[in-house]
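User: I have a model open on my screen and would like to understand the labels used for it. Could you take me through the reasoning behind them?

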Amino acid sequence: MSDTGVPEGLPHETEGHAGPHRVIGTPPPAQARTLLGDGSDRAGDGALPAQRELPADLPDPARAKRAERLVAGLFLLSMVAGIGFIAAYVGLEVHSVDAVLRSNLALGLSMSVAFLGLAAGATIWVRHLMPNVELTEQRHPLHSDPEDRQAFAETFAEGAEASQFTKRPLLRRTLIAATVPLVAAPVVLLRDLGPLPGTSLRHTVWRKGMRLLTYGANTPIRPGDFSSPGGMITVVPDGYQDNLNALAAATAIIIKFQPGVMVFGKPGQVRGGYVTPNWTVDNIVCYSKICTHVGCPAALYEQTTHHILCPCHQSTFDAPRGAQVLFGPAPRPLPQLPITTDAEGYLVAQGDFHEPVGPSFWERG
Amino acid sequence: MSMTTKLLEGTGGWLDDRFHGARGVRTLFRKIFPDHWTFLLGEIALYSFIILLLTGTFLTFFFQPSMTEVVYHGSYTHLDGVRMSEAYASTLNISFDVRGGLLMRQIHHWAADLFVAAIMAHMLRIFFTGAYRKPREVNWLIGLALLTLSLFEGLFGYSLPDDLLSGTGLRITEGVLLSVPIVGTYLSYFLFGGPYPGNLIIPRLYIIHVLLLPGIFLALITAHLFIMFHQKHTQMPGKGRTNTNVVGAPTYPYFMAKTGAFFFFTFAAVALASTFAQINPIWLYGPYTPVGISAGSQPDFYMGFLEGSLRMMPSWTWDAWGHTVMWNVFIPAFIPLGLIFTGAALWPFLEQWITGDRSEHHVNDRPRNAPTRTALGMAAVTFYGILWLEGANDVIADHLDISLYLTTEIARYAIFIGPVVAYIVTKRICLGLQRKDMHLLEHGVETGIIRQLPSGEYVEDTRPVDEDALAVLEARQPPPSLPVGASAAGADDVPPPGMRGGLGRVRERLNEVLTESVPMDGHGNGYGNGHGNGHGDGHAGPGRAAISSGGSEQAEGTAEGQEDGPD
């Protein structure tokens, strides 16, 4: 639509002309002049132009006729496509994946063609049926005349005086004093958007003796159920498997290693690249699944390297070494959940995590 | 008088009797809109916004912004019996049970991506051509506000279906809020109505997405267009185009018809994309659960730079006095965004202060003619681009078969080195292009025709640059000069106000950098004075045509010599 190409062979006698002039026009008017006057017109004499400013006729009627037929064809195509759209809506059912795909194709295609026909038709109309014209309009400085500014300032000052706003500081100050609480009130109103956090970010729902259920199947696990060491299993606390608020903090993973792979620290040692020994069962370790970066589930596990990877921002944790951070933006290891087995031999928690899970926060310390 | 004319006059008369519009509307009809393909970028943004309003309204008729859990028994049998929120279930319903619902969803999503992309492209055009300069600074700021809001509008919008991918985005939003020092925990609890995810976030985002933000959009877009209309559009440099006129086609019928066609083109393009290119197939992701995630989770493109920023950051945190500062999240989430937006907001005013240029500008700059501005812009684009690429580093590592960690390591250096390199390279390119322009102006276009003179000398024929190209080449303004500063004035002279003290010296130094350009050789009053091969003045005088090759080389040498000289 950048059809401002300069037509060939136009006279250039206006070259170097200062001030308003008609730059390009087909055919040129009797004399060059501006469209909306040169400023005198602004005052509002209201006289309508005596002459035509836009050419009415096309230079090549035969070519125009061809363009006209093309545009009409495109508009007809658009109309047919529009009818097709309605027909596709009425005729095509949805309610299954295949049916939706068919419906989407028919509706989308007919809609696209309908719009394309209109768009292409209108464009050709402008480019080949409307006489090519380029006109010049004058700009005027945006700032007002000094007299107008002066008059404005006076009117404003007059109004201020008449309102007594400037003369009565008591009114002014009390008005301001009255608005301050009214501005603060809406902010106060937002207070009940949510409860105060308190210490809730420090705890999860894990309690002593709570069973670990495999996520999805919701079945408890015995250490013997691991036929061979290897994969990572997502576990959720028994009784909370459908509670998203609880799961957002309490979701954990268990990994079973070959004997001798895990690097144990001293009993009670929580951090520092070691698995806490008395928190594991039969070479099975349990970590929080919530990434300590911004809380995505650290869901990828590479069996050969024992790396746990968070797919969001690629924080990488070393599973046999207490899930310490190997790479990425996560600042802390995944907290380890102390586990043991209950009387029936199922894996259970010894209690809650010993530190807050998930992303850090200001009050974490 | 035909029937139509009578009808028009009747209607027009009826309206004019009541609204007195004849004069105003006639002026409106004849308002001139200049033409350039880059002026369409903003129109794309406007039209995608209209498409968003239309399709969005349709979607609200069927969407349930509720997190109440339901068990799905709908047409999409793969998820039969699965627990999900009503929001997700109703999105499945729109996709599979409402005729045209999937198409409307896809058009809405594609149009949203196009909206943000068009705003970005539009703003880059404005920046690189200097169209934000006086008197258009306010419109620049409004545009910046629109871009910022569009990012939030997009994020909130794609979070509404409550699918696994968008829910992960909300989880990251929670982590980012938590990282804000002092008030972060409260921000998160107030937004989510308690611990994440709660059951309030979808209805809250919904009302912001469909009412609050669109209302602000409408107000700002109206102001944006009204100001543009009132101040008249800028124009590209060209023959007959000056700072005091507007050259183009009148609104009625030309601009109206063209822009109407363009609306349909935009709609057609979005509809075609929505017909053939699937976007956000939420039924494949499944309903949101904080337990699950899919590999290759990536946000929409406009959030990619934040994603990359988060990925790139090392794991720095402070634990002190019982508090934790999460630099590892806070810095990447807020600093790049802050740098780009604050920088963009301040730039027009900073540039005015540095150059001391307080005049109105209505003819756009060619990017090469403002080398430092263009270089700064490219540095910002590179900065953004590296963040954005890092947001897809897993895809890049996969396709190039290199280590994932290596891509992040490279990005950590590139984010600092890249913009500097981009700045230097861009500035050199701009200065080189200026030199090429000067060469064209002084020596004309090389024709490739070699003539042997009677003396035996060979010369290449040149012909003068044609008028239209000449007008563009001549559009470069000499850099405005600051009042003489302390360093230039004699020791006893007192520098003028605004140039005193340390700030004055900084301003002077910045001015030198900002106005660095190829010298114009006294261009305003005749051509090629410095090289004077007998083509003193006259825009297209025949004297400019023939230049001996020897002279040409000499001129080249002179220009090179002046490259690093003082302006």
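Analyst: Gladly! This is a predicted model, and a good place to start is B:Phe33, which counts as buried because 20 C-beta neighbours lie inside 10 Å.

User: What makes 20 neighbours enough to call B:Phe33 buried?

Analyst: The label buried needs 20 or more other C-beta atoms within 10 Å. B:Phe33 has 20, so B:Phe33 counts as buried. The residue belongs to strand S1 of chain B, residues 32-33.

User: Which residues does B:Phe33 touch, leaving out those up to four places away in sequence?

Analyst: Its contacts are B:His233, B:Gly248, B:Ala249, B:Thr251 and B:Phe255. You can also look at B:Lys232, 199 residues away along the chain, where the C-alpha to C-alpha separation from B:Phe33 is 7.9 Å.

User: Why is H13(B) called roughly perpendicular to H18(B)?

Analyst: Helix H13 (residues 327-355) and helix H18 (residues 501-514) of chain B cross at roughly 105°, and their axes come within 8 Å. Angles of 65 to 115 degrees count as roughly perpendicular, so H13(B) earns that description relative to H18(B).

User: Which residues make that contact?

Analyst: H13(B) brings B:Trp353, B:Ile354 and B:Thr355, while H18(B) brings B:Arg507, B:Leu510, B:Asn511 and B:Leu514. By class they are 4 nonpolar, 2 polar and 1 charged.

User: What makes S7 and S10 of chain A edge strands?

Analyst: The open sheet has 4 strands in the order S7-S8-S9-S10 of chain A, paired antiparallel. S7 (300-302) and S10 each have a single partner strand, so one side of each has no neighbour in the sheet. On average, neighbouring strands here are turned by 35° against each other, direction ignored.

User: How do you know that S7(A) and S8(A) pair?

Analyst: Pairing asks for at least two bridges between two strands. S7(A) and S8(A), residues 307-309, have 3 bridges in the antiparallel sense, so they meet that cut-off. For a spot to click on, A:Tyr301 stands opposite A:Ile308 in S8(A).

User: Why is strand S7 of chain B described as hardly covered?

Analyst: The buried label takes 20 or more neighbours, and the count of buried residues among the 8 residues of S7(B), 445-452, is 0. S7(B) does have a partner, though: 5 bridges join it to S8(B), residues 458-463, in an antiparallel arrangement. There B:Arg451 stands opposite B:Val459. The hairpin has 5 residues between these strands, and B:Gly456 takes a positive phi near 100°.

User: How many residues does each chain bring to the contact between A and B?

Analyst: Chain A brings 83 residues and chain B brings 94. On the side of chain A, the elements that each supply at least two residues are H2 (97-129), S2 (133-138), S4 (232-237), H5 (244-250) and S10 (324-327). H2(A) gives the largest share, 17 residues. By class, this side has 51 nonpolar, 25 polar and 7 charged residues.

User: What makes S2(A) and S4(B) a strand pair?

Analyst: Again the test is at least two bridges. S2(A) and S4(B), residues 245-250, pair over 4 bridges in the antiparallel sense, so they pass that test. In S4(B), B:Asn245 is the bridge partner of A:Gln138.

Notes:
Residues numbered from 1 in each chain as written. Chains lettered and ligands numbered in written order. Predicted model: local features only at pLDDT ≥ 70, side-chain atom pairs only at ≥ 80, totals over all residues. Contact = placed C-beta atoms within 7 Å. Nonpolar A, V, L, I, M, F, W, Y, C, P; charged D, E, K, R; others polar. Buried ≥ 20, exposed ≤ 12 C-beta atoms within 10 Å, placed from the backbone. Axes fitted to C-alpha atoms, helices over the stretch in contact; angles between N-to-C directions. Parallel < 35°, antiparallel > 145°, perpendicular 65-115°, else oblique.
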